[in-house]
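Here is a colleague's note for someone opening this structure for the first time. Please keep the 3D view at hand while reading.

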Amino acid sequence: MDHKLSVLVHIDLDGAYVRLAVTGCLTEANQHVLYPLIRRARRLIPPVTLSVDLTAAGHVEANAVDLLRWAIDHDETADGVSPVVLLVPNGLPNHGLAPVRTHRRLEAPEPWAA
C-alpha cells in the first residue's frame, strides 16, 4: 500500500480559523513531514487555534499521532504562536494487512543424467 499524505490548508480570511485537512495515510514513517507544515501554519494568524483534521485520512497509526503530539508539545519555538488541536477519528481507521508476496524458492537444478 502506498502511504502518502495529502494536506490542504484552509485559512479563514477573517482570521477565525486555520485548518490543515489531512488525507491519505499517516504513519510512523511519514508523520515527520507533517510537523513542518504545522509549524508554519500555526504562525500564520496567531493566536487562532490551528486544527489538524485527521478524520478524513484513510489510515492513521496511533504511534504516528503520539509522535506528532510529542513534537507539537515539545516545540521550543512555540512561544506566542497558535495552539494546535489534533482532530483524530474514533477508533483510528486502519487498512487491512497488505497482501503477502510469496517468493518461490529456487532449488538447485537436477543434475543431467549422463
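The points below go from the overall layout to the helices, the salt bridges and the surface.

1. **Status and layout.** This is a predicted model. The protein has two helices and five strands. Read from the N terminus, the order of elements is β-β-α-β-β-α-β. Start by tracing that order in the viewer.

2. **Overall numbers.** The chain has 114 residues, and 31% of them are buried. The accessible surface comes to about 8,100 Å². Carbon and sulfur atoms contribute 55% of that surface. Contacts over a long stretch of sequence are frequent: among contacts with a separation of 6 or more, 72% join residues 24 or more positions apart.

3. **Helix H1.** Which residues of H1 are buried? They are Leu 34, Tyr 35, Ile 38 and Ala 41. Seen down the axis of H1, these residues fall within an arc of 125°, so they line one face of the helix. An α-helix has 3.6 residues a turn, so residues three or four places apart point the same way. The buried residues of H1 pack against S1, S2, S3, H2 and S5.

4. **Helix H2, length.** Helix H2 covers residues 62-73, twelve in number. At 1.5 Å a residue, H2 should span 16 Å. Its end C-alpha atoms are 17 Å apart, which agrees with that expectation.

5. **Helix H2, two faces.** The buried residues in H2 are Ala 64, Val 65, Leu 68, Ala 71 and Ile 72. They cover an arc of only 125° around the axis, which puts them on the same side of H2. What covers these buried residues? The cover includes strand S2 (18-26), helix H1 (34-41), strand S4 (59-60) and strand S5 (84-87). The face of H2 turned away from the buried side carries Trp 70 and Asp 73, both exposed.

6. **Salt bridge between strands.** The structure holds three salt bridges. One of them pairs Arg 19 with Asp 53, with the closest N and O atoms 2.8 Å apart. Arg 19 lies in strand S2 and Asp 53 in strand S3, so the pair ties together parts that are 34 residues apart in sequence. Are the two partners buried or exposed? Arg 19 counts as partly exposed, at 26% relative accessibility. Asp 53 counts as buried, at 10%.

7. **Salt bridge from H1.** Arg 39 forms a salt bridge with Asp 75, and here the closest N and O atoms are 3.8 Å apart. Arg 39 lies in helix H1 and Asp 75 in the loop between H2 and S5, so this pair ties together parts that are 36 residues apart in sequence. Arg 39 is partly exposed, with a relative accessible area of 33%. Asp 75 counts as buried at 13% relative accessibility.

8. **A shared partner.** Asp 75 also meets Arg 42 in a salt bridge, at 3.8 Å from N to O. Arg 42 sits in the loop between H1 and S3, and Asp 75 in the loop between H2 and S5, so the pair ties together parts that are 33 residues apart in sequence. Arg 42 counts as buried, at 6% relative accessibility. Through the shared partner, Arg 39, Arg 42 and Asp 75 join into one network. Show these three side chains together.

9. **Ile 45.** Ile 45 is in the loop between H1 and strand S3 (50-53). At 23% relative accessibility, Ile 45 counts as partly exposed. Which residues does Ile 45 contact, leaving aside neighbours within four places in sequence? They are Ile 11, Asp 12, Gly 15, Val 18 and Ser 82. The C-alpha atoms of Ile 45 and Val 81 are separated by 8.3 Å, although the two are 36 residues apart along the chain.

10. **A nonpolar surface patch.** Val 9, Ile 11 and Leu 44 form a nonpolar patch on the surface. Together, they have about 240 Å² of accessible area. Val 9 belongs to strand S1 (residues 5-11). At 42% relative accessibility, Val 9 counts as partly exposed. Ile 11 also appears in the previous point, as one of the contacts of Ile 45.

Key:
Residues are numbered from 1 along each chain as its sequence is written. This is a predicted model: local features need pLDDT of at least 70, side-chain atom pairs count only at pLDDT 80 or more; totals for chains, interfaces and linings use all residues. Side-chain values use heavy atoms; hydrogens and water are left out. Helices (H or I, at least four residues) and strands (E, at least two) are DSSP runs, numbered from the N terminus. The expected span of a helix is 1.5 Å times one less than its number of residues. Buried means under 20% relative accessible area, exposed over 50%, partly exposed in between (1.4 Å probe, protein chains only). The arc is that of the directions from the helix axis to the C-beta atoms. Contact means heavy atoms within 4.5 Å. Patches are made of residues with over 30% relative accessible area and no salt bridge: like charges are joined within 9 Å, nonpolar side chains (Val, Leu, Ile, Met, Phe, Trp, Tyr) within 5 Å. Accessible areas come from the Shrake-Rupley method with a 1.4 Å probe; for residues, only the protein chains shown count as cover. A salt bridge is a side-chain nitrogen of Lys or Arg within 4 Å of a carboxyl oxygen of Asp or Glu.
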